[in-house]
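User: I'm new to this structure and would like a close look at one strand in the middle of things. Could you walk me through what surrounds it?

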Amino acid sequence: MTIEAIQNYILQNFETVNLVEANGDLFFMCDKHDKQPFATIVTKDNEYDNMSDLNREGFFRLNIGLNKETFNTMFGGMTDKKGFEAYLDLGIDFTKEDVILPHPTYGAMYWICIVKPSNETFESLKKYLKSSFNKNAKKE
């Protein structure tokens, strides 16, 4: 799966998406609620997040914000830690390709991530993108 294919899917399948690009990273916002994205694509490491080794040629990470129930169904019980970077010291290899993981920095805020998803895995992520979009579109 390519960044362009994911971007095209989101822009073609969700109305009122506002795409914000910053330093090569993509932030998909619900048009009227553009304070927090419902999904992001990160294309490189930075000083705050370098756990996925995204500086490798052709690598990127798709991140999706879930609701608490869905996230806990997937990753509940992995840690009792709260706050930023709650999942960092659990021995998770955040560089793995095509594996859905809790986000290294925002996992405690119910975000998931996947480095360089395959077409097949992206198909399984579409329901999470829809749920995240709907959750954010309903915020007032």
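Analyst: Let's start with some vocabulary: two strands pair if DSSP finds at least two bridges between them. Helices (H or I, at least four residues) and strands (E, at least two) are DSSP runs, numbered from the N terminus. Keep in mind that this is a predicted model, where local features need pLDDT of at least 70 and side-chain atom pairs count only at pLDDT 80 or more, while totals for chains, interfaces and linings use all residues. Residues are numbered from 1 along each chain as its sequence is written, and side-chain values use heavy atoms, with hydrogens and water left out.

Now to our strand, S4, which covers residues 61–65. On one flank there's strand S3 (residues 39–42), which pairs with S4 in the antiparallel sense over four bridges. Within that pairing, Val42 has Arg61 as its bridge partner, and Ile41 stands opposite Leu62. Strand S6 (residues 111–115) is also a partner of S4, again antiparallel, with five bridges. There, Asn63 is matched with Cys113. As for what holds such partners together, strands of a sheet pair through backbone hydrogen bonds, either parallel or antiparallel.

Zoom out a little and you'll see an open sheet of six strands, in the order S1-S2-S3-S4-S6-S5, with antiparallel pairing. Strand S1 (17–22) and S5 are the edge strands; each has a single partner, so one side of each is left without a neighbour in the sheet.

Helices come into the picture too. Helix H3 (residues 119–137) packs on the sheet and touches S1, strand S2 (25–30), S3, S4 and S6; contact means heavy atoms within 4.5 Å. The direction of H3 makes about 45 degrees with that of S4. Axes here are lines fitted to C-alpha atoms, for helices over the stretch in contact, and angles run from 0 to 180 degrees between N-to-C directions. Helix H2 lies across S5 and S6, running at about 55 degrees to S6.

So how hidden is S4? Five of its five residues are buried, so S4 is largely enclosed by the rest of the structure. Buried means under 20% relative accessible area, exposed over 50%, and partly exposed in between (1.4 Å probe, protein chains only). Arg61, Asn63 and Gly65 point one way from the strand, Leu62 and Ile64 point the other way, and all are buried.

For contrast, look at Asn23, in the loop between S1 and S2. With 68% relative accessibility, Asn23 counts as exposed.
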